[in-house]
Amino acid sequence: MSTLLKEAEGTADSMGKNTNRWEYKMLSVAINKYAMFIALVVISIFFQVLTDGVLLAPMNISKLVMQNSYLLILAIGMLPCILTGDIDLAVGSVVALVGAIAGTLIVSMGLPVGLTIVVCLAMGLLIGAWQGYWVAFVRVPAFIVTLAGMLLFRGATMVILNGNTLAPFPETYQFIAQKFLQDVPVIGAIPFSTVLIGVLVAVAGAYIEWKSHRQKMKYGIPVSSQPVLFAKIALIVFISVFSAYWLSQFKGLPIILILLAVLICVYSFICNKTIIGRHIYALGGNERATQLSGIKTKWVRFLVFVNMGLMAAVAGLVFSARLNCAAPSAGTGFELDAIAACYIGGASATGGVGTIVGAIVGGLVMGVLNNGMSILGVGIDWQQGIKGMVLLLAVAFDIYNQNKKA
Amino acid sequence: MPKVLLEMKNIVKEFAGGVRALNQVNIQVKEKSIHALVGENGAGKSTLMNVLSGVYPYGTYQGRIEYSGQECQFHTIRDSEKKGIVIIHQELALIPYLSIMENIFLGNECQEHGVVNWGKCRFEAMKLMKTVGLHELPDTPVNKIGVGKQQLVEIAKALSKDVKLLILDEPTAALNDEESEKLLELLLMLREKWGMTAIMISHKLNEITKVADEITIIRDGKTIETLTKTIDDFSEDRIIKGMVGREITNRYPQRLDCKIGDICLEVKNWSVYSPYIANKLVVDKVDFTVRRGEVIGIAGLMGAGRTELAMSIFGQSYGTDISGDIIKDGKKIKISSVADAIKNGIAYVTEDRKGQGLILIDDIRVNTTLPSLKKLSLRGVVNEQEEVRVAEEYISRLHIKAPGSHQFTKNLSGGNQQKVMLARWIYADPDVLILDEPTRGIDVGAKYEIYCVINELAKQGKSVIVISSELPEVLGISDRVYVMNEGRFVGELPRQEASQESVMRCIMQSNKNKKSAKAV
C-alpha cells in the first residue's frame with residue numbers, strides 16, 4: 001500500500017513542478033469561469049430542498065424553460081451589444097410591438113401564420129437597422145438611441161393596438177411556445193422520441209469534446225489529462241441523457257427548448273469561432289485599436305444591433321404565442337432582465353468580456369430564483385429585492401475576482 | 001558632507017505568486033540633491049518608489065525607511081505626503097475638464113469649514129504657477145494645454161503640498177526636447193532656491209547625466225551601484241554598462257549586406273488638415289519615397305506632424321481634406337480606409353500601444369492575429385489551433401518573454417507589448433511598415449532587439465519607415481533620413497551626411513525661412 005502511494009507521488013514529481021502549477025492555475029481559472037454555473041446548481045439544490053422537490057420536478061422544469069425562454073432569447077441578442085460596450089433598452093418595447101403586429105395581421109386581418117412570422121422577423125431586422133444606424137453611423141450613444149426607441153416602439157404598439165388586447169391566436173401560432181415534441185406529427189409518434197434526442201445530443205457533445213482535445217494535442221496546446229477528459233465526456237453524456245429522460249416523464253421536450261438550444265449553439269459558435277465574433281470582442285476591448293487593425297467597426301456595431309432587433313422579434317413572437325394574446329403592456333421591463341442576465345453571467349459593463357453561455361446561466365439564475373420563490377409563496381415585492389441583491393453581488397464578486405488576479 | 005534626507009535599507013518586496021520585485025535594495029538620498037534612479041524596464045524602479053510613497057503600505061514589504069532621521073511607516077499616500085514626499089506618476093493624474101487652479105488644489109483645497117475660498121485658491125495658484133514658469137490663466141481647463149505644461153501643473157500641485165522630496169517617474173517621456181529642457185531647468189532651480197530634493201526615474205540618459213548629482217542603478221530588483229557626479233565616471237556608456245551588466249559597444253546593429261531595390265512607395269504632394277482646428281494645415285505638401293529593403297527615418301520635434309502624416313497615409317485614420325497621391329510599385333492607388341491600406345500592403349504600428357494598439361484585456365494570440373484573421377479562417381470560421389501555432393511562432397521568433405500565447409497583453413512589460421505589436425503587423429505581411437516611436441519607454445536591451453527585427457525585415461525586401469523623437473536612434477538605424485518641421489519636409493539626408501548637427505541645421509534653417517517669409 002505504502003509503496004503504491006510512493007509510486008504515485010513519484011509520478012506526480014516526475015511530471016515536474018511546472019505542470020503542477022499550471023494545473024493549479026487552471027483550477028483557479030476554472031472556478032472563476034464556472035462560478036455562476038456553480039451558483040446556479042447551489043441555488044437549484046437550495047430551492048429543491050425548500051420546495052420539497054417541486055422545483056426540479058419534470059413538470060416544473062418544463063414550465064421553467066417555457067417561462068424564461070423569451071428572456072433567454074433576448075439575453076442572447078443582448079450579449080453582443082454589451083460586448084461592444086453598448087446596451088439596448090428598447091427590447092421590451094420591441095417585444096410588444098412585434099406581438100402587436102402579429103396580433104393585427106393574424107387576429108384582425110386573418111393572414112396566414114407563416115407569412116406573419118416572416119413579416120415580424122423582417123420588422124425586427126428593420127428596427128435593429130434603425131437603432132444600429134443611429135448608434136454606429138451617427139454615433140449617438142446607444143443608451144440614448146435605445147431609450148428613445150423604448151418610448152418610440154411602446155408608443156407605436158399602443159397606436160397599433162389602440163389600447164386593446166388582441167386574442168386569441170390560432171393553434172399553429174402557439175405551437176412554438178406551448179407545444180411539446182410529442183405534439184409533432186411524425187417525430188412525436190416515435191416512442192421515447194425525447195430520450196432519443198437526448199442520446200443524439202450526448203453522442204454529438206462527446207464527439208465534439210473528443211475532437212477538440214485531439215486537435216489541441218496535435219498543435220501542442222496544453223490540454224487537461226485523459227481522466228479529466230473522460231470525466232468531462234461522461235458528464236456531458238449523463239446530463240444530456242438524464243435531462244431528456246427527466247423531461248420525458250412529463251410531456252417530453254418543449255419545442256421552445258429546441259429553438260433555444262439551436263440559438264445558443266449558433267451564437268456561441270459565432271462568438272467564439274468566427275471572424276465576426278472576434279471582431280465584436282476586439283471592438284469592445286479597444287475600439288481604436290480595432291479600427292487601426294483594418295476592421296470596419298461601424299459595420300460591426302451596426303450588425304450587432306440588427307441582430308438584437310431580430311432576437312427581440314423572435315422573443316416577441318414567442319411571448320405573444322405563450323400568452324396567446326397581444327397586449328399593449330407586454331414586455332415591460334424585459335430589457336432590464338436581459339441586461340441583468342448578461343451581467344450576472346460575467347459580462348463586463350465596459351465591454352469585451354462575456355459569453356453566450358454565461359448570459360444563459362445568468363438568465364437561469366434569475367429564472368430559478370423567480371420560480372423557486374413563487375412556489376414558496378414569496379411575494380413579488382420580495383422577489384424584486386432579492387433579484388436586485390443577486391445582480392449586485394454577482395457583479396461585485398466578479399470585480400473582486402478580477403482585482404485579486406491583478 | 002551634506003545631510004542624508006532619505007535612506008531605504010534592505011527593502012524586499014514580493015508580489016503574489018512569489019515574484020520578488022525588490023531584493024535587498026539600498027538607497028541613500030542626500031538633502032538638496034537630484035538623485036536619478038535608472039534601470040531596465042521591470043528592474044523595480046517604480047516598485048521602489050511605490051514602497052516609498054505608501055502606495056504599497058507598511059507591512060507589505062520588508063526593510064526600513066528612514067526619512068529626516070526618523071523611521072517611517074507609511075500606510076497610505078496621504079501619510080507620505082504629510083511628510084512632504086510627493087510622487088508624480090508617468091501617467092499624469094490630472095482631471096482633464098477641471099481648470100489648472102482646481103487641479104493644483106485637488107484634495108488640498110483652500111477651504112474653511114468645507115467651503116472653498118476661490119479667491120485665495122486663485123491667488124495661491126498664480127504664485128505657484130509663476131514659480132514653475134507656467135504662463136496661462138488659472139481658469140484654463142487642463143485638457144486645453146499641452147503635455148509639457150500639464151507636467152508643470154503637476155509640479156505646482158506638488159509644491160502646494162509643501163514638497164520636500166519630489167519623485168518624478170519618467171517626467172520627460174512625453175515631452176519634446178525644448179519642453180524637457182525647461183523641465184530640467186525648473187528642477188535645478190527648485191533645488192537651488194527651494195532646497196527641494198528630487199528622485200527622478202528616467203530612461204533618457206543624456207538628461208540624467210545633465211541634472212543628476214547621484215545615480216543609483218537597479219538591475220533585477222537589486223541595487224547595483226551608486227555613482228556620484230564629482231567622483232565617478234558619469235558617462236552614458238558607464239551607466240548602460242551598469243544597467244545591462246555588460247558593455248554595449250554598439251547600441252545599433254550594423255546594417256550589413258542591405259540590398260536596396262526599386263521604389264516601393266511614393267507619396268506626392270501630400271497635404272492634411274487638422275480635424276480639430278479649422279484650416280490648420282498639419283501636413284503641408286510632403287513628398288517622399290521609400291525603396292524595397294530600405295529603412296528610412298523621419299526625424300523632427302514633437303508636433304512636427306510625423307504621426308499625422310503616417311496615420312493619414314494609413315487609411316485616412318487622421319485628418320480631413322487629405323490630398324495628394326500615393327504610388328505603390330509604380331501604380332497610383334487610392335486608400336480610403338485602413339482595410340484598403342492593409343490590402344495594399346501598408347502597415348502602421350502606432351506610437352500609443354496601450355491606447356490605440358493592443359487590446360489589453362485579450363491575450364497575445366488574439367492581438368497578434370487581429371488584422372489577419374482571414375488568413376487563418378475558412379468561410380468565416382477561425383482555425384484557433386493554427387492561430388495558436390502562429391502566435392507561439394512569433395513569440396519565439398521575436399523573443400517575447402511570456403509563458404505562452406494565452407498570456408494577457410496587459411501583464412506584459414512595455415518592450416514585450418511592443419514586440420506583440422510588431423508580431424501583429426509582421427504577420428500581416430505588408431510591403432511597407434511604418435513604425436511610430438517603436439522604442440518609446442522601452443529598455444536598452446529590448447530596443448536593440450527591435451532594431452534587429454527592423455534590419456531583418458529590410459533584408460527580406462520590405463520597406464521600413466521609422467518615426468522617432470530620439471535623434472540618435474533615427475540616425476543609428478536608417479539608410480536615409482527625412483527631416484520634418486511644422487508639417488513640411490525640410491531636408492533629406494543620406495546616411496553619410498546625417499548627423500545630429502545636420503538634422504538640427506535643417507530645422508533651424510526652415511524656422512528662419514518661415515520667419516523671414518512672415519516678415520515679408
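Me: Before we start on this predicted model, what makes two residues count as being in contact?

Reply: Two residues are in contact if their C-beta atoms, placed from the backbone, lie within 7 Å. On that basis, the contact between the chains takes 22 residues from chain A and 24 residues from chain B. On the chain B side, helix 10 (338-343), helix 11 (353-357), strand 20 (381-382) and helix 13 (384-397) each supply at least two residues. By class, that side has 13 nonpolar, eight polar and three charged residues.

Me: Why is helix 13 of chain A called roughly perpendicular to helix 15 of chain A?

Reply: Their packing angle is about 110°, and angles of 65 to 115 degrees count as roughly perpendicular, so the label fits. The axes are 10 Å apart. H279(A), I280(A) and L283(A) come from helix 13 of chain A, and they meet T297(A), V300(A), R301(A) and V304(A) of helix 15 of chain A.

Me: What makes strand 18 and strand 24 of chain B edge strands?

Reply: Each of them pairs on one side only. They sit at the ends of the order 18-21-22-15-23-24 in an open sheet of six strands with mixed pairing. From one strand to the next, the twist averages 20°.

Me: How do you know that strand 15 and strand 23 of chain B pair?

Reply: A pair needs at least two bridges, and these strands have four, in the parallel sense. Because four bridges meet that cut-off, they count as paired. Take A299(B): its bridge partner in strand 23 of chain B is V483(B).

Methods: Residues numbered from 1 in each chain as written. Chains lettered and ligands numbered in written order. Predicted model: local features only at pLDDT ≥ 70, side-chain atom pairs only at ≥ 80, totals over all residues. Nonpolar A, V, L, I, M, F, W, Y, C, P; charged D, E, K, R; others polar. Axes fitted to C-alpha atoms, helices over the stretch in contact; angles between N-to-C directions. Parallel < 35°, antiparallel > 145°, perpendicular 65-115°, else oblique.
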